[in-house]
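Colleague: I would like a close look at one part of this model. Please start with a single pair of residues and work outwards from there.

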Amino acid sequence: MREAVGSFVGWPSDLIFPDAETPTRPTHKAGKGISRPIESVASLKEVPGRKLKKAGNDIPPTTSGTKSQIMMRLEKMVNESDIMHGAIRSIDFDEGVFGAAHFEIIAKEDMQQLFEHDELGIAVIHTYIWYMYVTLLRGTELCNRFNFIAASRINTTLITKNSTSVKNDLVDRFMAAGDNTTPSLYFLPFNSGNGGHWVLVAMDLSRLIVYYLDSLSGDWSKYPSMKKTVDAAIIKFRSKKNYRNRKDITWIRVQCPQQNNSVDCRFFVLRFMRDIIALNRIDIPKMYFEEYKSYSRAHLDEMKDELCQFIVDQRII
């Protein structure tokens, strides 16, 4: 490319990104901090919700280890950046993502998890949640129907150390989202502690229903301290709002798609949230959705490509 400066170079049109299509160009700093919160490059029209490309069971299987063009492009960007030499990126999220200011540190290890389909760390998990917020929720009425809870605020390790503090953090998150008198869901990606298994807990505070989605067999009885903390937070929140507790909290184990290896639980938790939002469903069927009875590797690869494109568009690297 350096040798071609000043001459005509034929270039694939799908790899050209004119600045005219990019309303904001955030400036990132290597190391700590960025100059301002990153903004989406997408158009933010007031619409009921933005639809993702349909990704049902008709997706053909992909060869394990095959990387898409966008992933290879991002991997090349990472390999040529200072991240490979120990630099980091500090990213400020929209406050609407978790109901308060939040930032994540992206380093080489985080990108490698994505490229190699390895166990995802919390930075990658949160960044995909940010992607869902920007792509599906922000600027739409769906912001009133779906809310995210930062996984770094509640897990087995933190509950063991100080369950009261974790409970109060949950209550604060509930309070930040409004009165919760209409059906809505709070998504809690829950980690069993010390890098262990992940499950999804989806809470409907108005109907006192908690949905439990686990890509392995079993139910919430495996995590009694989590259930006790969630129940206590819901009760305390409703008390602070002077809502009457008309009935007990009902927990429902959803018969969701199951993983067949030891690393995909993180991908499944993210995919659960993605599908629920894309289908705009507050009530999660006990037998899950007809559109997604199982997840192939292609469903998970689709998510990785979405995140790669988002990272490129946001100029994080």
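Which residue in S6 stands opposite Leu200?

Modeller: Leu213 does. Keep in mind that this is a predicted model. Now let us place that pair.

Leu200 belongs to strand S5, which covers residues 198-204. Its partner strand, S6, covers residues 209-213. S5 and S6 run antiparallel, and five bridges join them.

Between these two strands lies a loop, and Leu208 is in it. Look at the backbone there. Leu208 is not a glycine, yet its phi is positive, at about 55 degrees. Is Leu208 buried or exposed? It counts as buried, because its relative accessibility is 2% and the cut-off for buried is under 20%.

Now step back to the whole sheet. It is an open sheet of five strands, in the order S3-S4-S5-S6-S7. The pairing is mixed. Strands S3 (146-148) and S7 (250-254) stand at the edges. Each has a single partner strand, so one side of each has no neighbour in the sheet. From one strand to the next, the twist averages 25 degrees.

Which helices pack on this sheet? Take H6 to begin with. Helix H6 (residues 224-240) touches strand S4 (185-191), S5, S6 and S7. Its direction makes about 135 degrees with that of S7. Then take H7. Helix H7 touches S3, S4, S5 and S6. Its direction makes about 25 degrees with that of S5.

Next, the nonpolar side chains. In soluble globular proteins, such side chains tend to be buried together. Here the largest nonpolar core has 65 residues. Phe148, Phe187, Ile284 and Tyr288 touch the most other members of that core. Helix H4 gives the most to this core, with twelve residues.

Ile284 leads us back to your pair. Leaving out residues up to four places away in sequence, Ile284 touches Leu185, Ala202, Tyr211, Leu213, Val254, Ile276 and Phe289. Leu213 is on that list, and Leu213 is the residue opposite Leu200. Apart from this core lies another one, of 26 residues. Among its residues are Leu208, Tyr212, Ile234 and Ile249. Leu208 is the loop residue with the positive phi.

Helix H4 deserves a short stop. It covers residues 122-137. Of its 16 residues, 14 are buried. At 1.5 Å a residue, H4 should span 22 Å, and its end C-alpha atoms are 21 Å apart, which agrees. Just after H4 comes Gly139, with a positive phi of about 80 degrees.

Now for charge. Side chains of opposite charge can pair when their charged atoms come close. The whole structure holds 19 salt bridges. Both helices on the sheet offer an example.

In H6, Asp231 forms a salt bridge with Lys227. The closest N and O atoms are 2.8 Å apart. The two residues are separated by about one helical turn, because they are four residues apart in the helix. Asp231 is buried, at 14% relative accessible area. Lys227 counts as partly exposed, at 24%.

In H7 (265-278), the side chains of Arg271 and Asp275 meet in a salt bridge, at 3.2 Å from N to O. They too are four residues apart, so about one helical turn separates them. How buried are they? Arg271 has a relative accessible area of 0%. Asp275 has a relative accessible area of 0% as well.

Past H7, the chain enters the loop that leads to helix H8 (297-313). Asn280 is in that loop. Its phi is near 55 degrees, again a positive value in a residue other than glycine. Asn280 is partly exposed, with a relative accessible area of 33%.

Arg281 forms a salt bridge with Asp283, and the closest N and O atoms are 3.4 Å apart. Arg281 is partly exposed at 28%, and Asp283 counts as partly exposed at 37%. Elsewhere, salt bridges that share partners join Arg271, Arg274, Asp275, Glu302 and Glu306 into one network.

Methods: Residues are numbered from 1 along each chain as its sequence is written. This is a predicted model: local features need pLDDT of at least 70, side-chain atom pairs count only at pLDDT 80 or more; totals for chains, interfaces and linings use all residues. Side-chain values use heavy atoms; hydrogens and water are left out. Buried means under 20% relative accessible area, exposed over 50%, partly exposed in between (1.4 Å probe, protein chains only). The expected span of a helix is 1.5 Å times one less than its number of residues. Two strands pair if DSSP finds at least two bridges between them. Axes are lines fitted to C-alpha atoms, for helices over the stretch in contact, and angles run from 0 to 180 degrees between N-to-C directions. Contact means heavy atoms within 4.5 Å. A nonpolar core is a set of buried Ala, Val, Leu, Ile, Met, Phe, Trp, Tyr and Cys residues joined through side-chain atoms within 4.5 Å. A salt bridge is a side-chain nitrogen of Lys or Arg within 4 Å of a carboxyl oxygen of Asp or Glu.
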